[in-house]
Amino acid sequence: MSVPLVDRIPSARHPLWRGLGWALAVGTLGLTVRFLTSGSDGMPGRIVGGDPLFGEGTKGSVGTLTEQVGPNRMVLSYKTIEGTEEDLRLEQVTGRLDEQAGQWRLLSPRARREGGVWVLQAPLDLEVVQAGNGPSLGRGRVEGSGPALRWAGGEWEGLGPLRWESREGATQGVWNLPAGWRREMDGRIRVDHGPVRWQAPPDGGPATLKAMDADRLWATPGFLTGHLEGVKAQLTEGSLQASVADLTPETVTWPGPLSFERNDGWRGEAKSGAAPRPAPGARFQQVDFRGFQARRAGPTGEERLSTEGARWTPAGLRLEGNVIWDQPLDGQRMVLKAPRVLMREAPGAELPDSLPVGHSAAEGQALLTWGRRSLGSPRIVVERATRRWKLQAPVLGRGEDGTFSSGAGEGDPRSWSFDGPVQVNLFSGGNLRGAKLVWEDTVWTLTGRPAAWTRLRERLSGPRIVRRGETVTFPEGLSGTLAAADGDLFLRAEKGQSEAQRITLGGGVECQGQGWRLAAEAVTVTVGADRSVKLIQAQGGVTLRGRLGEGQGEALELEPAGQAVRWQGRVRGKGAGPGW
């Protein structure tokens, strides 16, 4: 008969149970001690900042650390972790800082926290994106292998130079910040000891604003807004210097007085300046100045330029608002005034294609003056190298002797040519009309089919009229009328000259009065204060026909008022009066 299994178990008081109990207690204690002394690998997701979670010699791999810094939260992901809470070391670190304005991202090979201060090693990569997982505002990098960034209580200090590339929209460009740059609790980037340098992106075509250097800086993440001090900007064909510059989403502004220099020799000052932000993917195409004053030294003296506003572009200068361009000219000044002046220095769409390189155009009823002379035109263009001017019709001119109106013209201060119709009004009385005018110093030359000279009751015309001072010359022939006591006197000659009270005619002269006709080789007509004929003196092969007698002789004098004729020398003919 078999015995049941339960009856074979030793009783509770058997020594076997006491031995098994002691063995279980000793084994449990040993395993606990071994676990505590050897640490634990693979402990991700630890949260630092409350009670200490790390003892001496703690190690781990593949995890994250989270710290709350005021309203912001920092998360660091790592491949390995080692140390204590007071001295903690991470490797292959990827970080994220969430702020109200955006999110910062970082990548570093190593990071260490001592006494609550983080130090991240180079090479360090940074990036900031708009809040809500928006587009990237920019990326930066600290090169090298030493300490790159110190992070304490939400503030950063750059331990190495930072190269930052702004990529979004109107903030595009590359910023270079020296070691010592800081990121403050409010997110601003600050540099107290420069130099700070910004450069336009290398692509996108020519730029007016190419670079800026500054002694001090603060800026928001992405450099969308900010402030610079001790600024020197590099522009196309020159540079400017200003005490401060402000960055806004719409413009880069120099709010106070500034100075500038251009490669073409202009240098001067302005009350303020601004560069509108370009469209995404484009470059800064213009820099605008207010209260622009410039000067330039030349071989004949100093040029001066002033205007209410100026725009500096890759193609040249656009000057607007009460423009005054003052130039030296043979010991005097030549001044161009206009509402707008364009100065082209290079090709570019910023100025009209019709304006060649090296030319300037004054628009909006321009006025050119030198000495007591002036020329006015809706548009005046000058080729600066030769200083030759072109004027758009209609032209209004003024000289020492009178004023004139004409069509288009061109020339230089010594010689001008104007298309017709031309009308010259003289201060001494009288006017000239023609199809073309050449103005040289004090000489007015009109040509036409024909050109005409009119003064009071004197009306003469010819293919070419030259006026110098009070003398009017007809070198290629004339015809016309003079007033006389018995009616108009008609004249025709191969050449002639009107001066003061005398009109001298030569070469086949013909004179015709009321009922008589006179021909001679030379005739001198004397007029009175009322410009009516008082005396006619003829010489050389004189022929007279009509009611005053008929005859031929060497010379005669004829008084229209008294109907008197006095022959001189040998005379053949018949007539009445003492001269026959």
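R379 is partly exposed in this predicted model, with a relative accessible area of 21%. Its salt-bridge partner is E363, and the closest N and O atoms of the two sit 3.2 Å apart. E363 lies in strand β27 (residues 359-370) and R379 in strand β28 (residues 373-383), so this pair ties together parts that are 16 residues apart in sequence. E363 itself comes out at 15% relative accessibility, and so it counts as buried, since the cut-off for that label is under 20%.

Other charged pairs turn up elsewhere. Side chains of opposite charge can pair when their charged atoms come close. R467 and E470 do just that, meeting in a salt bridge at 3.4 Å from N to O. R467 is buried, at a relative accessible area of 2%, whereas E470 is partly exposed at 43%. R141 and E143 form another salt bridge, with 2.9 Å between the closest N and O atoms. Here E143 is exposed, with a relative accessible area of 55%, while R141 is partly exposed at 29%. Salt bridges also link up into a network made of E82, D87, R89, R112 and E114. The count for the structure comes to 44 salt bridges.

Then there are the empty spaces. The structure has four cavities of 30 Å³ or more, and the second largest has a volume of about 60 Å³. Its lining includes the tryptophans W104, W156, W164 and W181, along with residues such as L126, I189 and F223. T220, P221 and G222 also line this cavity. By type, the lining residues divide into ten nonpolar and two polar, with no charged ones.

How values were computed. Residues are numbered from 1 along each chain as its sequence is written. This is a predicted model: local features need pLDDT of at least 70, side-chain atom pairs count only at pLDDT 80 or more; totals for chains, interfaces and linings use all residues. Side-chain values use heavy atoms; hydrogens and water are left out. On a 1 Å grid over the protein atoms alone, a cavity is a set of points where a 1.4 Å probe fits but cannot get out, and a pocket is an open set with protein on both sides within 12 Å along at least five of seven lines; lining residues have an atom within 4 Å of a point. Grid points are joined across faces, edges and corners, and a volume is the space filled by probe spheres set on the points. Ala, Val, Leu, Ile, Met, Phe, Trp, Tyr, Cys and Pro count as nonpolar, Asp, Glu, Lys and Arg as charged, and the others, Gly among them, as polar. A salt bridge is a side-chain nitrogen of Lys or Arg within 4 Å of a carboxyl oxygen of Asp or Glu. Buried means under 20% relative accessible area, exposed over 50%, partly exposed in between (1.4 Å probe, protein chains only). Helices (H or I, at least four residues) and strands (E, at least two) are DSSP runs, numbered from the N terminus.
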